[in-house]
Every structure is written in C-alpha cells, then in structure tokens.
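Hi,

As promised, here is the structure for you to open in your viewer. My notes on it follow below, so please have a look at both together.

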Amino acid sequence: MYHSSFRGKLGRYPPWPGKVVSPPKDLKKPRGKKCHFVKFFGTEDHAWIKVEQLKPYHAHKEEMIKINKGKRFQQAVDAVEDFLKKAKGKEQNSDGKGDSKGKKTPNKPLKILEEDDEDLSALKDPSEKDLTDSDPEPSTIERLGAGPGSGFKWESSPVKDDPHFHHFLLSQSEKPASSMEPISKRLKIVEEDTGSTSIQAADSTAINGSITPTDKRIGFLGLGLMGSGIVSNLLKMGHVVTVWNRTAEKCDLFIQEGARLGRTPAEVASMCDITFSCVSDPKAARDLVMGPSGVLQGIRPGKCYVEMSTVDPETITELSQVITSRGGRFLEAPVAGSQQLSNDGMLVILAAGDRTVYEDCSSCFQAMGKTSFFLGEAGNAARMMLILNMVQGSFMATIAEGLTLAQATGQSQQTFLDILCQGQMASTFVDQKCQNILQGNFKPDYYLKHIQKDLRLAISMGDMANHPTPMAAAANEVYKRAKALDQSDNDISAVYRAYIH
C-alpha cells in the first residue's frame, strides 16, 4: 500500500509504502470513517489512515518510484521487496502444510494510502471487517497485516538527509500504560469519552526528508559537546541561527557555516524569536539568564527561551518564573544522547513547559533529534532527564566493575564483552563503551564530570521525594574517585580507571 501525497502545515508528504498492523491495545480508533492502523516501511512511523485513501502497491509501484527519488523512499521500497521475497519463500515452504486440508489463505492486494486533508484517520480494504484487538492478523504478505509478533522488525537508520521524527505528548489520563502515545507534528489532540486529554496517533515524519525550517530567528547559547552538533544541524536544515559562547573562538566555525554572531546572551535573546541554551550545570544556566548582560535583559513579551541544559527541577522552576515575569515564554528541553548522536542529529528531546513553544520549535527539534517527548509542566523534563542519566551512569559504572573484576580473576575482558554482546544486555552503548575502554580511548562523548553532576542531582531529588537511591549513591562515589584521578574531562567510560588505581 502507499500513503499518497498531501500538503499539510509542515510541507508535502509523498506516497509511501506501508502495511496494516494491530494498533496498541490502549490506543483508540478515531471516530468517523473506517480506518486501519498503518506502519510505514523503512521508518518507525505509523498512522490511522482512511479506507478510501488506498491504492494497490504493485499497480502503482513504478509510477511512485519515478515520482520519489529520495534515498529514504528507495530504502522503503527495498524493504517492501525484501519483505515480499521472504514471505513468498515462507509461503512456498508451507505449501501443503498448515490446516488439515492444505488450503492457503487467499491473497489480497497491497494498497496505497492516500492522505488528502488535515484529519489523519486510517486505512483498510472496504471488503474487510474492522480490525479490533481481538481480530486475528492474516499471515499472507499481500494483506500486509502482520502484527508485532510477525517477526518483521521495523528499524530506523540515521540518514540525516531524510530524517524520520516522532513527537510524543504526555496524556493527562491516569492510566500509566498509555501515558505516552505518538502524535503528528501538528500535535492534534482529541478528547476521549473520559474527558481527559489523550493523543491521536498520526504520521509523525516528513517522509520525503525535507524539513521546512521555521521562519523564526533562532538564537543558540553554548557550543559545547552537545551544542555544537545541534547548531550544525540547525544550520544544515536552513535555520537562521545567531550564536554565542563564553569562549568566543568556538563561534568561528559556525560563522563560516552561515551563523550570525551575538556579542552577549542579552543581545541574542533580543535579536531572536526563540533562544536555546545548552550549558554545563545549574549555576551556568542561572548565570546565563540572570547574570550581567544575561538573557533576561533581552526578554520582551512573546520572546521564547528554551533551556536544554540538564539541571535540577528547582532551577527550571526559577528560570521559568523569571522569563515569564518579563512576558517571555519558557520551555525546558534537555536532550538524551551524546556528542556523536548530537552530530548525527539523532538526539532524544524531553520537553516541558509552554506547549505552544514546543510547537514553534518543531522544525528545530526535527533538525537536531529523532524523537521528542512533551511531558507537561516545567520541571518534568528535568526530573525525567536526571532519572535517565542516573540509570545510565550507574549502568556504566557496573560495566566497568565487571570488566575489572574479569581481569582481576584471570578472565579475558574481550571474551567477557563478546559474551555480554550476545546476551539480553547487548546494545550499541555497551559495545562502543567497552571497546573504547579496551583500546584505552576515553575521548569524551559525554563528560564524566557531567554524569557525576547528574547522579548528584538525581540523588538529591530522591532525598526530597524521600525515595532511596542506594545504587546511584554507590555509583556516584565511584565517579567522584574517577574525578579525583583527573578523569573529569574524559568520557563517562573513564570511570573504569577508578577501579584500576
């Protein structure tokens, strides 16, 4: 099937191959016309698509390939063909098997999805009954209806010239299992019967890879490990960016790439519609706003300030109050990731505060990240970010402890890593960090001093909530020892050295 082109607020969406899958059990089907829940080949996107917006895949394949020359589209077509080939092989292998009479399920044609209005609905063959959670998923490839258990894995690849991007909003529902549901970049909200706000699933990607940059003037303060990659991607995607950094030399490269130079944080905030900042810690974040020639002096009614630094919720509350007291609009948006992910534009953005600012930042978040979450009131993103970094920091310390214990007991560290990467804990993070440790490469991808700061802030947050954090406390002590051994400006994996000295 194809999802046909339409023009929405964020640009034109081309036809796109997809298949019907079972929606999450806690995701309600939109009211109105009959629809299917669709997963798009070559992406992690999904949407409710209307029945009448379908066309057969095979009949329109060549026509669509001529229209769409993008790399991502070709990858999607390749994924379809690979899927068809594998399914055909399985079908041939199962001939005569299956039910007792050897009958095969009749094939049904693939469809093309068409979207011609702003109301994302759904897709299905009119001859079929509505899909529900209890409906069995047909197994034939032509139906394209294999559910999560089908063995077909939907993966994304970081092709930045054709990005896929997801937005998530925090539902006000009290059901924890359904608090996060993907929505479109237009952030369409629907009211359910309960009266609580929940989110309608919709296609969330500019599938043809073209991000239409906002016409708002963007400011960016702080060009460290994370900020540098973010600004570079903002510029690549056509945003007008004014930069400032405490050490001005770091601005030179971005000026060459087309950025403008701001002399002070106040000047940047005054010149720009939306000003982002990404600095090291709560003190730096406060000083940037409230210090001499700080952001606050440039804030006027309607100006937007987006705090991307990983800080404590109390700092966020304070910054939000002072910005809004001047008529400004505030959003926090710390990012989960590393220098490499920042450079690749594949960060995960956690946002909270003024949702209209979140919407205004849509093209910026697409340029810098693969996914964004809107978590409600200001402070929630800081809390979530600290919890995530607490887990990551503790995990890294445990991995380092395992590597050094292997060595101390006469085991091969490389074999330990090989075994680890074949098990349930296998991940790119584990593999890369361990390989770097074994190679003695501690070039910073995320500063050790920053993960220790995050652990400290998470522990403090636990204290205020009267919640125990003994694992984080133990890990924090190991990172403090690593800092005492001069590892602050190395990567978080340098916590390894705390165990060998």
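Of the 501 residues in the chain, 52% are buried. Please bear in mind that this is a predicted model. The surface that the chain exposes comes to about 22,900 Å², and 52% of that is supplied by carbon and sulfur atoms. As for secondary structure, you will find 15 helices and 18 strands. Among the contacts with a separation of 6 or more, 68% are between residues 24 or more positions apart.

Strand 13 and its partners

A good place to start is strand 13, which covers residues 274-277. I274 and F276 point one way from this strand, while T275 and S277 point the other way. Which of these residues are buried? All of them are, on both sides of the strand.

Strand 13 pairs with strand 10 (residues 218-221) in the parallel sense, over four bridges. It is also joined by four bridges to strand 14 (residues 304-307), and these two run parallel as well. S277 is a handy residue to select, since it appears in both pairings: it is the bridge partner of L221, and its bridge partner in strand 14 is E307. Between strand 13 and strand 14 the chain passes through helix 6 (residues 282-290), which gives a right-handed β-α-β crossover.

Helix 12

Next, please go to helix 12, residues 413-420, where Q413, L417 and L420 are buried. Why do these three belong together? They sit on the same side of helix 12, because the arc they cover around the axis is only 65 degrees. The general rule behind this is that an α-helix has 3.6 residues a turn, so residues three or four places apart point the same way. The cover over the buried residues of helix 12 includes helix 11 (380-408) and helix 13 (428-439). At the start of helix 12 there is also a polar detail to look at: a side-chain oxygen of S412 comes within 3.3 Å of the backbone nitrogen of Q414.

Two positive phi angles

If you check backbone torsions, two residues deserve a look. Most residues other than glycine have a negative phi. N466 is not a glycine, yet its phi is positive, at about 55 degrees. Where is N466 found? It lies in the loop between helix 14 (448-464) and helix 15 (470-484). With a relative accessibility of 71%, N466 counts as exposed.

The other residue is D486, also not a glycine, with a positive phi near 70 degrees. D486 belongs to the segment after helix 15. Is D486 buried or exposed? It is exposed, and its relative accessible area is 68%.

The segment after helix 15

I500 is found in the segment after helix 15 too. Its relative accessible area is 42%, so I500 is partly exposed. Which residues does I500 contact, leaving aside its neighbours within four places in sequence? They are T404 and Q407. In addition, the C-alpha atoms of I500 and A400 are 10.0 Å apart in space, although the two residues are 100 residues apart in sequence.

That is what I have for now. Do write back if you would like to go through any of these places together.

Best wishes

How values were computed. Residues numbered from 1 in each chain as written. Predicted model: local features only at pLDDT ≥ 70, side-chain atom pairs only at ≥ 80, totals over all residues. Heavy atoms only, no water. Buried < 20%, exposed > 50% of the residue type's maximum accessible area, 1.4 Å probe, protein only. Contact = heavy atoms within 4.5 Å. Areas by Shrake-Rupley, 256 points an atom, 1.4 Å probe, with all protein chains shown as cover. Arc of directions from axis to C-beta. Polar contact = N/O pair within 3.5 Å; in protein donor to acceptor, adjacent residues only side chain to side chain. Pairing = 2+ DSSP bridges. Right-handed = clockwise from strand over helix to strand, strands pointing away.
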